[in-house]
Amino acid sequence: MKQEIRRSSFLIVCASVLLLCPGAAAAATIETADCSQAAVQTAIDSAADGDTVIIVNGSCSWTGGVSTDRQITLQGESVDGVTITHEGGAATLLDVTIGTVFRTTIANLRFMPGSGTGVYVELHGTGLAPLMHDCNFNIPNFQLDRAVKWEVTGGVIWSTTFESTENLDGECGTQVGSDSGSLLVRGGPPWDTVSTLGTLDTTGEMNVYIEDSVFSYVGQAPDVDSDGRVVIRHCQFIGASGTTHGPTSVAGGRQFEFYDNEFSYPNPNRNLNRYFWFRAGTGV
């Protein structure tokens with residue numbers, strides 16, 4: 001209950017900030033013609049900062065990606081109502097640049113691998129910490145580069161699932177689940193700036209907060225890489241493992257916090273050596 005109050009308060013503050021922004025009252029809602037790549041890009045291109053783009057329910061295969069530097073909300077019509085299958089080779093299906101006036105939000109999208117080898121969602125740029133919720137990322141074994149690259153400072157991810165459904169009934173000795181990268185967190189204040197553990201993140205904008213989410217039979221859940229600062233609470237780790245990067249990356253992961261999470265190992269055929277591999281930084 002306390003966690004729900006915290007998140008509700010955060011979102012109320014976000015909404016209040018938006019109401020104070022010039023032009024917020026005139027924000028529009030734009031609905032795509034369908035869930036195709038072309039229709040989504042057309043709708044994004046017609047949007048202005050602060051608008052909401054609704055992807056109508058359906059299942060579509062994308063052979064390439066869409067991109068936006070508009071500070072918008074991009075969401076499916078309903079939770080689990082939009083499925084996008086990656087058939088775009090090494091492409092990033094959704095390439096997002098955040099900004100300083102409106103908070104970017106991604107929601108209600110389900111991604112499936114198809115024949116893709118690239119990335120589902122990538123966020124970069126500087127500005128207000130973005131939000132992502134009620135998404136689902138299916139990750140096959142070592143096929144994709146990453147499911148999500150979160151290369152910005154701060155943000156909140158909640159009610160989101162990173163999962164592999166690959167060969168879960170497989171016999172011992174076969175690959176069960178996926179060890180592909182599920183969530184890469186890279187970016188944030190420089191490594192040697194002061195800690196933002198706990199209440200030291202006074203604005204709530206420095207750390208990436210992952211809440212009420214599921215990591216199921218996946219690796220790098222998450223991968224806290226150069227300068228990354230992550231807080232994970234009230235999540236489930238089902239046969240899944242995470243890590244902080246060490247000196248093999250430019251700077252290594254900076255810090256992580258785990259609170260009130262559940263760890264389980266229900267499938268003994270999966271080769272799970274650890275739930276978390278702490279290789280750098282500070283942890284609580």
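Two strands pair if DSSP finds at least two bridges between them. In this predicted model, strand 10 (residues 119–124) and strand 13 (residues 146–150) are joined by four bridges and run parallel. Within that pairing, Glu122 has Lys149 of strand 13 as its bridge partner.

The pairing belongs to a wider arrangement. Eight strands make up an open sheet with parallel pairing, and their order across the sheet is 4-7-10-13-16-19-22-25. At its edges lie strand 4 (66–68) and strand 25 (276–277), each of which pairs on one side only.

Attention may now turn to a single residue, Asn138. Asn138 lies in strand 12, which covers residues 136–138. Its relative accessible area is 7%, so Asn138 counts as buried, the limit for that class being under 20%. Leaving aside residues up to four places away in sequence, Asn138 touches Phe111, Met112, Pro113, Tyr120, Leu144, Glu163 and Thr165. With Thr165, one of these residues, Asn138 also shares a polar contact between side chains, at 3.2 Å.

The cysteines form the next topic. A disulfide is a covalent bond between the sulfur atoms of two cysteines. The model contains one disulfide by the distance rule applied here, namely the link between Cys35 and Cys60, whose sulfur atoms are 2.0 Å apart. This link is right-handed, with 90° about the S-S bond. The disulfide connects distant parts of the chain: Cys35 is in the loop between strand 1 (29–31) and helix 2 (37–45), whereas Cys60 is in strand 3 (residues 58–62), and the two are 25 residues apart. Both ends of the link are enclosed by the protein in the sense of the accessibility classes: Cys35 is buried because its relative accessible area is 3%, and Cys60 is buried because its relative accessibility is 15%.

Cys135, by contrast, is in no disulfide, and the nearest cysteine sulfur, that of Cys235, is 14 Å away. For Cys235, the closest cysteine sulfur is in turn that of Cys135, and the 14 Å between them is too far for a bond. The reasoning rests on the cut-off, because a disulfide requires cysteine sulfur atoms within 2.5 Å. Accessibility places these two cysteines in the buried class as well: Cys135 has a relative accessibility of 3%, and Cys235 has one of 2%.

Conventions: Residues numbered from 1 in each chain as written. Predicted model: local features only at pLDDT ≥ 70, side-chain atom pairs only at ≥ 80, totals over all residues. Heavy atoms only, no water. Buried < 20%, exposed > 50% of the residue type's maximum accessible area, 1.4 Å probe, protein only. Polar contact = N/O pair within 3.5 Å; in protein donor to acceptor, adjacent residues only side chain to side chain. Contact = heavy atoms within 4.5 Å.
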